[in-house]
Amino acid sequence: RWRAALAARGQRAPSLTVWFVRAVALALERHPPLRRAWDPANQQLWQRDAIAVGVAVDTFDGLAVVTLPEPQHRPLTALAAALAAAAERARAGRLE
């Protein structure tokens, strides 16, 4: 039903990659210790507040990683559109 409703609006169902990105972001949100990073200068762990998930994209020059900020707060269709746009920018060599 969900796929049919999306198709009726001219949208595609999100890929498994989009579902995986969302699941990882929700896990990071629910388990803050997973958002820790090592600071070698101060020799301590620090807690990241923001959540961002990187996805590898195949380009003509090799793999590039696009970052999707705060994916846990986006609807799946918006997340799919953001990933598609970021992947297109990566393939066109227009990542910032």
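Threonine 59 sits opposite glycine 62 of strand β4 in this predicted model. The pair belongs to a hairpin: β3 and β4 are linked with just two residues between them. Strand β3 covers residues 52-59 and β4 covers residues 62-69; the two run antiparallel and are held in register by eight bridges.

Further along β4 comes threonine 67, also a member of that strand. Leaving aside residues up to four places away in sequence, threonine 67 touches Ala52, Val53 and Gly54. Those partners fall within the residue range given for β3, so to speak across the hairpin from threonine 67. Seen from another spot in the chain, threonine 67 is a good way off: its C-alpha atom and that of alanine 41 are separated by 25 Å, with the two positions 26 residues apart along the chain.

Alanine 41 turns up again in the surroundings of aspartate 39, where its backbone nitrogen lies 3.2 Å from a polar atom of the aspartate 39 side chain. Aspartate 39 itself belongs to strand β1, which spans residues 36-39. Is this acidic residue buried or exposed? Aspartate 39 turns out to be buried, and yet it has no salt bridge. The nearest side chain of opposite charge is that of arginine 48, and it is 9.9 Å away. With a salt bridge requiring a side-chain nitrogen within 4 Å of a carboxyl oxygen, arginine 48 at 9.9 Å does not supply one. What aspartate 39 does touch, again not counting residues up to four places away in sequence, is Gln44 and Trp46. The picture at this site, then, is a buried aspartate 39 without a salt bridge, but with the backbone nitrogen of alanine 41 at 3.2 Å from a polar atom of its side chain.

Stepping back to the whole protein, the secondary structure adds up to three helices and four strands. Read along the sequence, they come in the order α-α-β-β-β-β-α. As for overall dimensions, the radius of gyration is 16 Å, whereas a compact globule of 96 residues would come in near 12 Å. The C-alpha atoms fill a box of roughly 55 × 35 × 15 Å along the principal axes. How much of the protein is buried? Of its 96 residues, 28% count as such, and aspartate 39 is one of the buried ones. Turning to contacts between residues at least 6 apart in sequence, 38% of them join residues at least 24 apart.

Definitions and conventions: Residues are numbered from 1 along each chain as its sequence is written. This is a predicted model: local features need pLDDT of at least 70, side-chain atom pairs count only at pLDDT 80 or more; totals for chains, interfaces and linings use all residues. Side-chain values use heavy atoms; hydrogens and water are left out. Two strands pair if DSSP finds at least two bridges between them. Buried means under 20% relative accessible area, exposed over 50%, partly exposed in between (1.4 Å probe, protein chains only). Lys and Arg count as positive and Asp and Glu as negative; His and the chain ends are not counted. A polar contact is a pair of N or O atoms within 3.5 Å; within protein, one must be able to donate a hydrogen and the other to accept it, and residues adjacent in sequence count only if both atoms are side-chain atoms. Contact means heavy atoms within 4.5 Å. The radius of gyration is taken over C-alpha atoms; the globule rule is 2.2 Å times the number of residues to the power 0.38.
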